[in-house]
Amino acid sequence: KNSIFVSYDLILLELRILICNNCTLALFLLIKILSLTANIEKYTMNKKNLLLVFIFWSFALIGFAQEEVINIKGRIVNADTQEAVAFANIEVEGTPKGVASDVNGFFELKISYKYTTHLLKVSAIGFLPYEIKLYEAKAKKNFTINLKSVTYSLKSVSVYGESLVYRKLLRNAVESIGRNYVQSPLSYTGYFKYSYSKAGTEEWKKESIVDIYDSEGYIRTDPEHTFNALNYAFSQVKKSREPLSTTEGMTFFDDVLTCDIVRHTRNILDLEQNDRFILKNGGRFIYEGDSVQKIIYKSISPDINVFGDADPVSYEGEIYINLKDKAVLKNILKTKLSSSSTLGKSFMPLRDDPSDLDVKIVTNYIKVNNRYFLKGISMVYDYRTSEGEITENFQYITERLNYTRPKVVKGRIYYESM
């Protein structure tokens, strides 16, 4: 008799875990417990009370099934500089569940309670991985993950020798595109955000869902051919205010697409322009089990053939290549423009006679089912006008992709009102 009277709190905890993993099993266990209780009802309760208990626990099970979801919010930053780490991978070990941090390092992960004992794993190119149990992460308030930068191992070699080695690696990366990336029609659905700030204060923003359709996949050709193969459409547009001009209402999403350096030309992967770059060793490190090479590059004579814009003052960056499969994992581009068109290759479309335009573009790729895809793009433009310092921020993050039955999109949307 004494062994029968167990703690109902303990039973409740066990059922919480079971209901998340297997509702049928949890209900079966409950019935068995109640049946056992019925056999000793002379010690505990009559049949009427037993029925009431059964009803109570049935509703409790339904409640657990509906409510037990873990919601984890946080921010990922560089431990040394406290700058945001964009597009970091946040994954739950042993599951396909995961998200990416946005351009400001923030993330939100909603996942079933049944994974509460699993590891939350955070990784980003150029940083050491970070791990924490989900239940520990859930308990943290103002959850900030500080990623430690990798200490690079550099070898002393001649500049000429370095350039030869890394030109060959870039050539291998381009020649491996067919093996690493899908070369058939595919579609993306992603989150797009644009914000406009003056003197460090955000004045207005707009957000939307964008569907992208590529009728060919990752086949590098000329700019015109690539342009004709890509279409996109916007939906669920949210704005902090209505546009004050036609220019403000434009999407300028073409600029985002051209930052996919694997799909587009006029960038560091153009082999015929290779000799116009100085290439240096940025170091090697391990990322998700593979060795990655960082190449630092700088254009000797930046012009329209290199960048696609007529007035670049400088053009430099760093590209990360997986040494195992030669896939491009990440590219960081920093450039300065002396002028740009409001309706051409837009770069800061909302300006009137600005100073030199400082541009930083970060492009990330992710591996899914042994193929790489565009994970996200961040573009930040800084310049000065008569009104002061202006910053415009474009952010795109892929949320879904389909290359078996891609969603076809016709045309392009250049104005946000659709």
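In the hairpin of β2 and β3, five residues sit between the strands, and one residue of the hairpin, G94, takes a positive phi near 80 degrees. Strands here, like helices, are DSSP runs numbered from the N terminus, with at least two residues (E) for a strand and at least four (H or I) for a helix. The model is a predicted one, so local features need pLDDT of at least 70 and side-chain atom pairs count only at pLDDT 80 or more, while totals for chains, interfaces and linings use all residues. Residues are numbered from 1 along each chain as its sequence is written, and side-chain values use heavy atoms, with hydrogens and water left out.

Back to the hairpin: strand β2 (residues 89-92) and β3 pair in the antiparallel sense over three bridges, where pairing calls for at least two DSSP bridges between two strands. Within this pair, N89 stands opposite A100 in β3. On to the next partner, β2 is joined to β5 by four bridges, again antiparallel, and V92 faces L120 of β5 there. Strand β5 (residues 119-123) in turn runs antiparallel to β6, with four bridges between them; K121 is set opposite E131 in β6. Put together, these four strands make an open antiparallel sheet in the order β3-β2-β5-β6. The edges belong to β3 (98-100) and β6 (130-133), and since each has a single partner strand, one side of each is left without a neighbour in the sheet. Neighbouring strands of this sheet are turned by 15 degrees against each other on average, direction ignored; the axes behind such angles are lines fitted to C-alpha atoms, for helices over the stretch in contact, and angles run from 0 to 180 degrees between N-to-C directions.

There is also an open sheet of three strands, ordered β4-β1-β7, and its pairing is mixed. Its edge strands are β4 (106-112) and β7 (144-147), each with a single partner, so one side of each lacks a neighbour in the sheet. From one strand to the next, the twist averages 35 degrees. The parallel part includes strand β1 (residues 69-78) and β7, which pair over four bridges, with N78 opposite L147 in β7. As for what holds such strands side by side, strands of a sheet pair through backbone hydrogen bonds, either parallel or antiparallel.

Two serines are worth a look. S101 lies in the loop between β3 and β4 and is buried, with a relative accessible area of 0%; buried means under 20% relative accessible area, exposed over 50%, and partly exposed in between, using a 1.4 Å probe and protein chains only. A polar atom of the S101 side chain lies 2.8 Å from the backbone oxygen of V85, and the backbone nitrogen of F87 is 3.0 Å from a polar atom of that side chain. Leaving aside neighbours within four places in sequence, S101 is in contact (heavy atoms within 4.5 Å) with residues including I76, I90, F106 and I397. The other serine, S299, is found in strand β12 (residues 290-299) and counts as buried at 8% relative accessibility. Its side chain reaches the backbone nitrogen of S301 at 3.5 Å.

Turning to the chain as a whole, the secondary structure comes to nine helices and 17 strands. Of the 418 residues, 47% count as buried. Among contacts between residues at least 6 apart in sequence, 63% join residues at least 24 apart.

The largest nonpolar core has 68 residues, and F253 and I319 have the most contacts inside it. Such a core is a set of buried Ala, Val, Leu, Ile, Met, Phe, Trp, Tyr and Cys residues joined through side-chain atoms within 4.5 Å. Strand β16 (residues 371-385) supplies the largest share of this core, seven residues. Apart from neighbours within four places in sequence, I319 is in contact with L170, I261 and V328, among others. A second, separate core of 22 residues includes I90, L109, F143 and I145.

Finally, confidence. The mean pLDDT (the predictor's confidence in each residue, from 0 to 100) is 80 for the protein chain, and 75% of its residues reach 70 or more. Among its elements, helix α1 (residues 8-21) has the lowest mean pLDDT, 47, and helix α6 (residues 177-180) the highest, 96. Over residues 1-15 the pLDDT is below 50, and this stretch has 15 contacts in the model beyond near neighbours in sequence.

Note on methods:
Polar contact = N/O pair within 3.5 Å; in protein donor to acceptor, adjacent residues only side chain to side chain.
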